[in-house]
Amino acid sequence: MVASMDASSRGEDFEVLPNKESLSPSKSDMIVNNGEISIDKSTALHRGLKSRHTTMIALGGALGSGLIIGTGSALASSGPASVLISYTVVGIVVWLMLTGLCEMGTYLPIAEGFTGYASRFVDPALGFSLGWSYWLKYAISTPNQLTAIALVLQYWVPREKVNPGVFIAIFLVVIILVNYIGVRFFGEFEFWLSSIKVLVLVGVILLSLILACGGGPDHDPKGFRYWHHPGAFKEYKADGSLGRFLGVWYCMGIASFAYLSTEFIGVTVGEAQNPRRTIPRAARLIFYRIFFFYVISVFFLGMLVPYNSPKLAFATKQSTSAAASPFVVAIVLAGIKVLPGILNACILIFVFSAGISDLYISSRTLYGLAGDGKAPRFLAKTNSRGVPVAAMGTSAAFALLAFMNVSSDSKKIFGYFINCITVFGLIVWVCILLSHIQFVRARKAQQVSEQHLRYKAPCGVYGSWAALVFCVLVVFTKNFSVFIHTKTSDFDYKNFITGYIAIPVFLIMFFGYKVVYRTKGVRPAEADLHTGLDEIELHEIEFAKFEAERMVKQNRLGRFYRRYISWLF
């Protein structure tokens, strides 16, 4: 039996068993005697995230600046039809990626998440480079959300009056404190913040439908007017059909950024209760929610705001409005007086919540790297609440990049962050998809029956291949505009650097690790499909007992929520 696993003293927390490398006495303080495992609590996370926490935290991270602010850039650059097409296509790719991740995560939920799958099924060098790329992506995401906060606050307080650095400092401190308190408080806090997001977005979608039908103060049924004039497609960097195609393809990169963080469930397997049941449910609900919220919201947005509106913050270099979000612009154009300020306050909550999630993910990723021996060992230390303080502090240090807004235009900084984060995020998706492809090959080579899978990707390995090709194509072509000659510049070197720096960084880490440690690709017949199964099955048995006791005590209201409302919250 596993030591320190008494349910009565533990409450709802479940301690995470370290990975197979951590079982080595030279790498950990764990004790293994006669098959009994004693956990070193100084390096153990707690399984304090419930299913509703897992799904809503992932939703909270995804429903951030990509949807709330980034859609303004896409609409202004390419038109409403391009935005709708790109968000739909990328949504399908995300679903393919999530289903493959869930297939691996439910068969073998390990604390390292998908970095562990890359090491086990593809190449240890890929696990190393993927882990560090994922950490860099989220380490940069936190200052990006702080930049978005600075943009949103300019609706009330112009940067000429109060420097954005003041607000960035305040929100950074609060984000760090929420993450420091502990996983159970963090999960509950982020659950309610994300619930507010869902309510607000549902309200925005309903309001958008009403405004499109003429129910606003202007009593103007807009319908598809803006799809005809100024048009459904805006030509981008070229004329005619080529310009319209380039507009759609440009939006693919922006849509990819908006969907980033959905792979977050691959990180929470280390702190999720009964991950074999909660993870596939979380993936299904995350996709349905995001696909519903994103596609429906951008569809209505294109009906309410013309792409040539001067009120869009990204429409012109000299914008006439401080409203960073196109959804606020839609309400302003409809003539509603009070609501824009209220919605802007809600958007502030959106971005703040996403910032909390980003720091959480980056700290847990760094913790996983340390536990796997791919980062300094002190980063794997946790406090009594199971918080990896050193990893969190290191990740939080990168948030200081947000103070670049003190001397530069927030819109430009936001664009640079988006560029860099998107490519890192797409590389992560590529690695996850490649890991799933190799996982399927290993399972077949070792004759592991599909009956052993708790969840199977509906499109199988073919869906992963299709998504992989798409992601690789977007990685290399999303920044095509930097090579196009314009009247003001022959070469946009700033966006070139921020848009492509992630590729050499990833390749240097990958090949550097292979050279130093002389690693080889994992053969399917030799891939480790078994280490860790005993521990998770033990946890599953114990959680089943705990859940049975809880279900007996559940009242009618709880059953009603679980059956009819839990898909939304």
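Q: How are the axes of helix α14 and α15 oriented, roughly parallel or roughly antiparallel?
A: In this predicted model, the axes of α14 (residues 326–334) and α15 come within 9 Å and cross at roughly 170 degrees. Angles over 145 degrees count as roughly antiparallel. The orientation of α14 to α15 is therefore roughly antiparallel.

Q: How many nonpolar residues does the contact of α14 with α15 have?
A: From α14, the contact draws on Phe327, Val328, Ile331 and Val332. From α15, Leu339, Pro340, Leu343, Asn344 and Ile347 take part. By class, no residue of this contact is charged, 1 is polar, and the nonpolar residues number 8.

Q: What distance separates the end C-alpha atoms of α15, and what span should its residues give?
A: Helix α15 covers residues 339–371, which is 33 residues. At 1.5 Å a residue, these should span 48 Å. The end C-alpha atoms agree with that expectation, being apart by 48 Å.

Q: Why is α15 described as largely enclosed by the rest of the structure?
A: A residue is buried when its relative accessible area is under 20%. Helix α15 has 33 residues, and it is largely enclosed because the number of them that are buried is 28.

Q: Which residue just after α15 takes a positive phi?
A: The backbone just after α15 has a positive phi of about 80 degrees. The residue that takes this value is Gly373.

Q: How are α4 and α11 oriented, roughly parallel or roughly antiparallel?
A: The axes of α4 (residues 70–78) and α11 (residues 240–259) come within 9 Å and cross at roughly 175 degrees. With the limit set at over 145 degrees, α4 is therefore to α11 roughly antiparallel.

Q: How many polar residues does the contact of α4 with α11 have?
A: Gly70, Ser73, Ala74, Ser77 and Ser78 in α4 meet Gly247, Tyr250, Cys251 and Ile254 in α11. By class, this contact has no charged residues and 4 nonpolar ones, while the polar residues number 5.

Q: Which helix gives the largest share of the largest nonpolar core?
A: This core holds 158 residues, of which Tyr87, Leu146, Tyr259 and Trp429 touch the most other members. The largest share is 20 residues, and it comes from residues 410–445, helix α17.

Q: Which residues are in contact with Leu146, leaving aside its neighbours within four places in sequence?
A: Leu146 is one of the core residues that touch the most other members. With those sequence neighbours left aside, its contacts are Ile168, Phe171, Leu172, Ile175, Ala399 and Ala402.

Notes
Residues are numbered from 1 along each chain as its sequence is written. This is a predicted model: local features need pLDDT of at least 70, side-chain atom pairs count only at pLDDT 80 or more; totals for chains, interfaces and linings use all residues. Side-chain values use heavy atoms; hydrogens and water are left out. Helices (H or I, at least four residues) and strands (E, at least two) are DSSP runs, numbered from the N terminus. The expected span of a helix is 1.5 Å times one less than its number of residues. Buried means under 20% relative accessible area, exposed over 50%, partly exposed in between (1.4 Å probe, protein chains only). Axes are lines fitted to C-alpha atoms, for helices over the stretch in contact, and angles run from 0 to 180 degrees between N-to-C directions. Angles under 35 degrees count as roughly parallel, over 145 as roughly antiparallel, 65 to 115 as roughly perpendicular and the rest as oblique. Contact means heavy atoms within 4.5 Å. Ala, Val, Leu, Ile, Met, Phe, Trp, Tyr, Cys and Pro count as nonpolar, Asp, Glu, Lys and Arg as charged, and the others, Gly among them, as polar. A nonpolar core is a set of buried Ala, Val, Leu, Ile, Met, Phe, Trp, Tyr and Cys residues joined through side-chain atoms within 4.5 Å.
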